[in-house]
Amino acid sequence: HMNIKLCDGTVLSPILATGETRYVQGANRDTLNFIFPATEGMEALDAAFSAENCESITVLEAVEVLDGTTTEQSYLHKGYTIRAGLKKEAVEVTPATEEAEAVYEDRITVSMSQRTYTESQLASLTDTVDVLVMDALMQ
């Protein structure tokens, strides 16, 4: 069982999260794919995974320990603010057998890519400039 927590405190429960390198907006980027049941809804996920909300994404995973108890491990991912994709597709959940057809279910995949180091520097610089400009305007 997995939960992810976004910057604004939103907690979502993807079926699966995967990582890959993808070429997005002119650079090879670390990309996280979050796969949800279609019942989550495209609009809701589109709104939840805003750039602001994805400044930090915490993945919380329940892990079974040797003695049979479960513990929660958390992984923090910072700066995954670039939307690489939002798609809905039918995924085979049960392969076909001689007795039965394959079973498909709709899944929604949200893919978020990480800013490059330079982009992160620029973002923090922009924040600083914004603050300085606001200060100047308030005088």
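This report walks through a sheet, a loop residue, a serine and two cysteines in a predicted model.

## The four-stranded sheet

Let's start with the strands. Strands 3, 4, 8 and 7 form an open sheet in the order 3-4-8-7, with antiparallel pairing. Strand 3 and strand 7 are the edge strands, as each of them pairs on one side only. From one strand to the next, the twist averages 30°. As general background, strands of a sheet pair through backbone hydrogen bonds, and the sense can be parallel or antiparallel.

Strand 8 (residues 103-113) is a handy one to follow in your viewer. Seven bridges join strand 8 to strand 4 (residues 27-37), and these two strands run antiparallel. If you want a register marker for that pairing, Asn33 has Ser111 in strand 8 as its bridge partner. Strand 8 also pairs with strand 7 (residues 82-94), again in the antiparallel sense, over 11 bridges. Here a useful marker is Lys87, whose bridge partner in strand 8 is Thr109.

## A positive phi at Gln25

Now for a backbone detail that you may like to check on a Ramachandran plot. Gln25 is not a glycine, yet its phi is positive, at about 45°. Most residues other than glycine have a negative phi.

Where does Gln25 sit? Its place is the loop between strand 3 (16-24) and strand 4. Gln25 is exposed, with a relative accessible area of 61%.

## Ser74 and its contacts

Ser74 belongs to strand 6 (residues 70-78). Leaving aside residues up to four places away in sequence, Ser74 touches Thr58, Val59 and Leu60.

For a longer-range reference, take Ser74 and Ala17, which are 57 residues apart along the chain. Their C-alpha atoms are separated by 13 Å.

## Two cysteines without a disulfide

How many disulfides does the model contain? The count comes to zero. Cys7 is in no disulfide, and its nearest cysteine sulfur, that of Cys54, lies 7.6 Å away. Cys54 is likewise in no disulfide, with the sulfur of Cys7 as its nearest cysteine sulfur at 7.6 Å. The pair does not count as a disulfide because the sulfur atoms would have to be within 2.5 Å. In chemical terms, a disulfide is a covalent bond between the sulfur atoms of two cysteines.

Are these cysteines buried or exposed? Cys7 counts as partly exposed, because its relative accessibility is 41%. Cys54 has a relative accessibility of 0%, so Cys54 counts as buried.

Conventions
Residues are numbered from 1 along each chain as its sequence is written. This is a predicted model: local features need pLDDT of at least 70, side-chain atom pairs count only at pLDDT 80 or more; totals for chains, interfaces and linings use all residues. Side-chain values use heavy atoms; hydrogens and water are left out. Buried means under 20% relative accessible area, exposed over 50%, partly exposed in between (1.4 Å probe, protein chains only). Two strands pair if DSSP finds at least two bridges between them. Contact means heavy atoms within 4.5 Å. Axes are lines fitted to C-alpha atoms, for helices over the stretch in contact, and angles run from 0 to 180 degrees between N-to-C directions.
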